[in-house]
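Mentor: Let's take this one a question at a time. Here's what we'll be looking at.

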Amino acid sequence: MHQADLVFTRGPVHTTDAARTRASSLAVTGERITAVGHDEVRELIGPRTEVVDLSGKLLLPGFQDSHIHAVYGGVELAQCDLTGTTGVDEYLRRIREYADAHPEREWITGGGWSMESFDGGLPTRQLLDSVVPDRPVHLLNRDHHGAWTNTRALELAGLTRHSPDPADGRIEREPDGTPSGVLQEGATGLVARLVPPTGPAERLAGLLRAQALLHSLGITGWQDALLGVFNGQPDPSDAYLTAARDGSLTARVTGALWWDRERGAEQIPELAARRAALRHGRFRADSVKIMQDGIAENFTAALGSPYLDGCGCATANSGLSFVDPVALRSHVTALDALDFQVHFHALGDRAVREALDAVEAARTANGRRATRHHLAHLQLVHPDDVRRFAALGAIANIQPLWAAHEPQMDELTIPFLGPERAAWQYPFGSLLRAGATLAAGSDWPVSSPDPIAGLHVAVNRTGPGATDGRIFLPEQRLDLASAVAAYTAGSAHVGGQDDTGSLRPGHLADLVVLDRDIFAAPPEEICEARVLRTYTGGALVHAAD
């Protein structure tokens, strides 16, 4: 009998394998799992075997994030960071401190501010001018769909009260039409195009910074949801290819190639050529990202009927469909025929329906293929569309952290949707009961990349640490096993990583050890768990201090 390189004993081991969900021991030889079971696995222990005594700690498949912007997030970690607070004075203190610490920087960039911090979700240029009057400032908000700029940045971009809004965005304005300092959606690019781009070395450093953080959270693979040039941000693809070639990429990554919404089907041959070029080792780019709409908080998510105003009356605005819905069906059909997976950003109920209609058109034209199309975000899903996911083989790519009561939801979303539509939000439970496959991710740096926090919200529908007892649409809670499966087997399926995501012999040994068995604790304590060890291909890539 062969000797294993690594054996975990005295479980629990949660496999996500339907045939045997729980075991107590697991063996690894080389990069792969060679045995899953109980005391009999100990027979594989030899003099050179590393033995990890779990002693009640939980062994799981490595978490995988099905929708993340890892390079962007890693680069932003080295910029002006406004995350972790909602205090306006604290924002201004951090911005001034960052500017003082970096006098060599021509632009002050970064972000993470929260819309809930400002009246109507709109900060002003004058606030930024008060701390940085002499250099341009461009700070993305928490969801990265809007930017806060100072007067200097607006002047450099030539934006005045006479500047028109772009077709895919909006310039927020003062009463006389002067830009107020907030740019929404595609309008962010009007200033972002002037920001000195990151160089290849900075992008690679950002990737490796992000990878270390993600491994510390038990993440062994992900789908990067935007490979391409977008709103002045350079393409992060080169960082992945460099890291894959030099061996520093220890995660498994699928990339989603950005669909340029200013163009049409003529870009498809270019996407195919990029797919062929962007493939090495643990990295491949087999997906195409189509952003179909915006977000609810700035009224750009595509809705089936208009947003309400502050008085509860219908407005004239139903949001934006960035790609013509008829053209979308044709594009998705063509991509599907070339074995591309389509990764949709679909947040409003109209965008979700348009994306599902496109998948249906592709299935009708091409037959049921192995393409794993998926819809990310799914904030609003019309009840009539829930059952279509399973029928079409469209995967529900969920970001669980957003499905909780918090100010951005309670103050900037629910009042403008009304009670009927507000009850359609993040229908995880309904999708699961209707037979949909779930994958889970974070959209970091939009929100925390911590899968344990995401599991906590998916199961409880309350934020970690919430004390007010309010549960957000409790009927949409997931059981813990289904939530874990979404973060492991489901996301592995979406990423085409078919020999990961569950613990079974022959699969790659992508593993995470938690400090406790979250299945044995009350659901409200899930968020207290911590990652102790993370492995990819049997190699230790993170160990807690």
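Trainee: What span should the 14 residues of helix α2 (residues 88-101) have?

Mentor: Helices here are DSSP runs of H or I with at least four residues, strands are E runs of at least two, and both are numbered from the N terminus. The expected span is 1.5 Å times one less than the number of residues. The end C-alpha atoms of α2 are 20 Å apart, which agrees with the expected value of 20 Å.

Trainee: What kind of model is this, by the way?

Mentor: Residues are numbered from 1 along each chain as its sequence is written, and side-chain values use heavy atoms, with hydrogens and water left out. Local features need pLDDT of at least 70 and side-chain atom pairs count only at pLDDT 80 or more, while totals for chains, interfaces and linings use all residues, since what we have is a predicted model.

Trainee: Back to α2: within what arc do its buried residues fall?

Mentor: Buried means under 20% relative accessible area, exposed over 50%, and partly exposed in between (1.4 Å probe, protein chains only). In α2 the buried set is Tyr-91, Leu-92, Arg-94, Ile-95, Tyr-98 and Ala-99. Take the directions from the helix axis to the C-beta atoms: seen down that axis, the buried residues of α2 line one face, because they fall within an arc of 165°.

Trainee: Which exposed residues sit on the face of α2 turned away from its buried side?

Mentor: Start with the buried side, which packs against β9 (80-81), β10 (108-113), α3 (125-129), β11 (137-141) and β12 (146-149). Turned away from that side, the face of α2 carries the exposed Asp-89, Asp-100 and Ala-101.

Trainee: And α6 (200-216): which residue with a positive phi follows α6?

Mentor: α6 has 17 residues and reaches 24 Å from its first C-alpha to its last, close to the 24 Å expected. Its buried residues, including Leu-204, Leu-207 and Leu-214, fall within an arc of 160°, so they line one face of the helix. What covers them includes α1, β15 (219-227) and α7 (237-246). After α6 comes a residue with phi near 85°, Gly-218.

Trainee: Now the empty space. What is the volume of the largest cavity?

Mentor: On a 1 Å grid over the protein atoms alone, a cavity is a set of points where a 1.4 Å probe fits but cannot get out, and a pocket is an open set with protein on both sides within 12 Å along at least five of seven lines; lining residues have an atom within 4 Å of a point. Grid points are joined across faces, edges and corners, and a volume is the space filled by probe spheres set on the points. There are 3 cavities of 30 Å³ or more. The largest cavity comes to about 270 Å³.

Trainee: How many charged residues are in the lining of the largest cavity?

Mentor: The lining has 22 residues, with His-69, Asp-143, His-144, Leu-226 and Phe-230 nearest the centre. Ala, Val, Leu, Ile, Met, Phe, Trp, Tyr, Cys and Pro count as nonpolar, Asp, Glu, Lys and Arg as charged, and the others, Gly among them, as polar. By that split the lining of the largest cavity has 8 nonpolar and 10 polar residues, and the charged ones number 4.

Trainee: What is the volume of the largest pocket?

Mentor: The largest pocket is lined by 48 residues, and Arg-142, Leu-401, Val-446, Ser-447 and Ser-448 lie nearest its centre. That lining divides into 20 nonpolar, 20 polar and 8 charged residues. The volume is about 970 Å³.

Trainee: Which element gives the largest share of the lining of the second largest pocket?

Mentor: The second largest pocket has a volume of about 410 Å³. Of its 23 lining residues, the closest to the centre are Gln-79, Thr-109, Val-195, Pro-196 and Thr-198. The largest share, 4 residues, comes from α1.

Trainee: Is His-456 buried or exposed?

Mentor: His-456 lies in helix α17 (residues 451-460). Beyond its neighbours within four places in sequence, its contacts (heavy atoms within 4.5 Å) include Arg-461, Pro-523 and Cys-527. Its relative accessibility is 3%, so His-456 counts as buried.
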